[in-house]
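Biologist: I am new to this structure and would like a close look at one enclosed space inside it. Please start with what surrounds that space, and then follow its neighbours outwards.

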Amino acid sequence: MNTWRIRDLKEDARIRFKANRWKAIFVGMIATLITGGAAGIYGISSTGNTARFRVSDAVDIRATIQQIPASILLAFGVVTIFALISIVILAFILRALLLNPLEIGCKRFFYRNLLEDAEIKEICYSYDKGYKNGVRVLFFRDLYIILWTMLFIIPGIIKSYEYFMVPYILADNPEMDMDATFALSKSMMKGNKMNAFLLDLSFILWDIFGIITFGLGNIFYVNPYRRLAEAGLYLKLKK
């Protein structure tokens, strides 16, 4: 098993970020949006006036609802549930066909940027090579993590770290078989999941910095810095 230190990964990330700053910032924004971190980018906070909700308002709403026929309420509930399910399915399809290949490309950009000044075009790599295989493998990765998370949150977190290297592996080997990809990621992360978690945890102060700068700190430093450090872990475990 390779030995690595969080401090070394972060130091390499800082050096390479400075060497290719603006491209890293751009790809970091895309990577964060892909992984559902839009709230982290914009530093969303609940400021402003808070509306007052009185007990009398609740009574008025309840009285209004009671006047609506039960058949209409049932129909509204069915339509709402159907709409929500449709939105979830469409979002999952969009992620599988569009966002997951971009994730592979972003991973490729960041690990190559640790070796040389990578080009932004790397984010489109999966669309040119191994697109169908990448879509398939990451679809099942997402599905497995969701199912494990539904079983219990902790197993879902463990599995997310176990599959952490899957998109990096596909960025290097776009046609690798799904079973082989999962097996390799599991092998690389064996004995490294806790340290990978600690690597994520080491950015907590930077995350706070991003919040207090209304997301600007995330955009222009924290996000690309974090992605480069994570890519550094892949390169260490790949050896």
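Modeller: Happy to! Helix α5 gives the most to the lining of the largest cavity, with 3 residues. Helices here are DSSP runs (H or I, at least four residues), numbered from the N terminus. This is a predicted model, in which local features need pLDDT of at least 70 and side-chain atom pairs count only at pLDDT 80 or more, while totals for chains, interfaces and linings use all residues. Residues are numbered from 1 along each chain as its sequence is written, and side-chain values use heavy atoms, with hydrogens and water left out.

A cavity is a set of points on a 1 Å grid over the protein atoms alone where a 1.4 Å probe fits but cannot get out, and lining residues have an atom within 4 Å of a point. Points are joined across faces, edges and corners, and the volume is the space filled by probe spheres set on them. By this rule there is 1 cavity of 30 Å³ or more, and the volume of the largest is about 30 Å³. Its lining is made of Ala31, Ile34, Thr35, Glu103, Cys106, Lys107 and Arg227. Two elements, α2 and α5, each give two or more residues to that lining.

Let's stop at Cys106, which has its place in helix α5. Cys106 counts as buried because its relative accessibility is 2%, buried being under 20%, exposed over 50% and partly exposed in between (1.4 Å probe, protein chains only). Leaving out residues up to four places away in sequence, Cys106 touches Val27, Ile30, Ala31, Ile34 and Ile123; contact means heavy atoms within 4.5 Å. Two of these, Ala31 and Ile34, also line the cavity. Cys106 and Ala231 are 125 residues apart in sequence, yet their C-alpha atoms are 10.0 Å apart in space.

Lys107, another lining residue, has its charged end over the ring of Phe164, 5.8 Å from the ring centre. For this, NZ of Lys or CZ of Arg must be within 6 Å of the centre and within 35 degrees of the ring normal. Elsewhere, Lys10 lies over the face of Phe203, at 4.5 Å from the ring centre.

Now for the wider interior. The largest nonpolar core has 47 residues, and Phe110, Met165, Leu233 and Tyr234 have the most contacts inside it. Such a core is a set of buried Ala, Val, Leu, Ile, Met, Phe, Trp, Tyr and Cys residues joined through side-chain atoms within 4.5 Å. Among the elements giving two or more residues to this core are α2 (21-34) and α5 (70-113), the two helices named for the cavity lining. The most comes from α13, with 9 residues. Met165, beyond its neighbours within four places in sequence, is in contact with Ser185, Met188, Met189, Leu233, Tyr234 and Leu237.

Helix α13 also takes part in an aromatic pair: Phe17 lies in α1 (6-19) and Tyr221 in α13 (216-238), so the pair ties together parts that are 204 residues apart in sequence. Their rings are edge-to-face, 5.4 Å centre to centre with 85 degrees between the planes. Rings of Phe, Tyr and Trp (its six-membered ring) pair if their centres lie within 6.5 Å; planes under 30 degrees apart count as stacked, over 60 as edge-to-face and the rest as tilted. Phe17 is buried, at 1% relative accessibility. Both Phe17 and Tyr221 belong to one aromatic cluster that also includes Phe203, Trp206, Phe209 and Tyr225.

Note on methods:
On a 1 Å grid over the protein atoms alone, a cavity is a set of points where a 1.4 Å probe fits but cannot get out, and a pocket is an open set with protein on both sides within 12 Å along at least five of seven lines; lining residues have an atom within 4 Å of a point.
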